[in-house]
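Visitor: I'm new here, could you walk me through this one?
Guide: Sure, have a look and then ask away.

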Amino acid sequence: MYNITLKNGKTFSCDSDTTIFDAALKANITLEHSCLKSRCKSCAVRVISGKTENIENELVLSEEELKQNFVLSCNAKPISDLSLNVEDLGNIKFFDKKIVPAKINLIERIRSNVIKLTLRLPPTCNFQFNSGQYINLIKDNIKRSYSIANSNNTNQLEFFIDKYEKGLMSKYLFEDAQINDLLRIEGPLGSFFLRESKYKNIIFLATGTGIAPIKSILDNILEVSNDYSKHIFWLFIGAKFEDDILWHPEISDDKICINYIPVLSQQSGWTGQKGYVQNAVLKEEINLENSQVYACGSSNMINDAKQTLIKNSLMEDNFFSDVFTESN
């Protein structure tokens, strides 16, 4: 049995057959996470001292991250005592994961390759989540993960869903699904949600359907505006063309400061911000030392945004992300 120490002094024990994440969870300590399948970087932690072994080969950490002793807590098991440069999620309330039935309430084609799916839940199921989390959608033996796009104040759940070539769930949702089809959802899952923050600037970066969890967070912010009036919020949505942006915020609360900045890379005649969302953040000259960043979308955007913003004074611990990956 090995001793694992976090940078805030919390400790727990872990044997050589258990992952860091699972051992922490058994000790009622929750670390950053998302897929828990070694396919994203949400659970990446830096090992300050000690040695680990991977359960499976992982392909998501860069050579630079490996040199800096990063491991995935969902995949790494200790082979000595460890000191980790990470803190737990503190007093954030996690709702119990459960599987509940859900019926399709609406399928709206908003782009040729994107639908907005609305599911209604039984009124007695009391399904609760933190805005920004995701669920697994289950159809027969197919299970896929989708971020919830609305806040936690209704018995309906909304999703923005991409069409993937040869995707099994995509084929069902885009070609065969009907109103009132009975499905199941499993959740809530993940740790992509807004933290309590002492920092002035809260920056959101999104590409594609990565806007879903950020929309959920912003919907919640606007519903409880008094709790967030001390912050300045920035929303950067990146796309090739204006029509590719899946959601434009409607901001009517003068108690909340939300700066919405669409960033387009290929729109002719566009007079707004151009290029990539992470570079647009730099152009706004936001004080990154007094900022937190929440990024959701492609792995390329997230990896580049993290490197770029940290190089420009963002503290590494203040970058939170949710990578969207393709399944089949």
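Guide: One term to begin: two strands pair if DSSP finds at least two bridges between them. Helices (H or I, at least four residues) and strands (E, at least two) are DSSP runs, numbered from the N terminus. This is a predicted model, where local features need pLDDT of at least 70, side-chain atom pairs count only at pLDDT 80 or more, and totals for chains, interfaces and linings use all residues. Residues are numbered from 1 along each chain as its sequence is written, and side-chain values use heavy atoms, with hydrogens and water left out.

Visitor: Which residue in β17 stands opposite Leu264?
Guide: Strand β16 covers residues 257–264 and pairs with β17 in the parallel sense over two bridges. One of the bridge pairs is Val263 with Gln273 in β17. Opposite Leu264 in β17 stands Lys274.

Visitor: In what order do the six strands of the open sheet come?
Guide: Strands of a sheet pair through backbone hydrogen bonds, either parallel or antiparallel. In this open sheet the pairing is parallel; β15 and β16, for instance, are joined by eight bridges. The six strands come in the order β17-β16-β15-β14-β18-β19.

Visitor: Which strands stand at the edges?
Guide: An edge strand here has a single partner strand, so one side of it is left without a neighbour in the sheet. That describes β17 (273–274) and β19 (319–323).

Visitor: At about what angle does helix α4 run to β14?
Guide: Helix α4 (residues 211–223) lies across β14 (201–207), β15 (232–239), β16 and β18 (291–297). Axes are lines fitted to C-alpha atoms, for helices over the stretch in contact (heavy atoms within 4.5 Å). Angles run from 0 to 180 degrees between N-to-C directions. Helix α4 runs to β14 at about 145°.

Visitor: Which element gives the most to the largest nonpolar core?
Guide: A nonpolar core is a set of buried Ala, Val, Leu, Ile, Met, Phe, Trp, Tyr and Cys residues joined through side-chain atoms within 4.5 Å, where buried means under 20% relative accessible area, exposed over 50% and partly exposed in between (1.4 Å probe, protein chains only). The largest one has 30 residues, and those with the most contacts inside it are Phe204, Ile211, Ile214 and Ile221. β14, α4, β15, β16 and β18 each supply at least two residues of it. With six residues, the element that gives the most is α4.

Visitor: Is Asp219 buried or exposed?
Guide: Asp219 is found in helix α4. Not counting residues up to four places away in sequence, Asp219 touches Ala149, Asn150, Ser151 and Trp247. At 18% relative accessibility, Asp219 counts as buried.

Visitor: How much space lies in the largest cavity?
Guide: On a 1 Å grid over the protein atoms alone, a cavity is a set of points where a 1.4 Å probe fits but cannot get out, and lining residues have an atom within 4 Å of a point. Grid points are joined across faces, edges and corners, and a volume is the space filled by probe spheres set on the points. The lining of the largest cavity is Glu32, His33, Ser42, Ser191, Phe192, Arg195, Phe320 and Ser321. Its space comes to about 40 Å³.

Key:
On a 1 Å grid over the protein atoms alone, a cavity is a set of points where a 1.4 Å probe fits but cannot get out, and a pocket is an open set with protein on both sides within 12 Å along at least five of seven lines; lining residues have an atom within 4 Å of a point.
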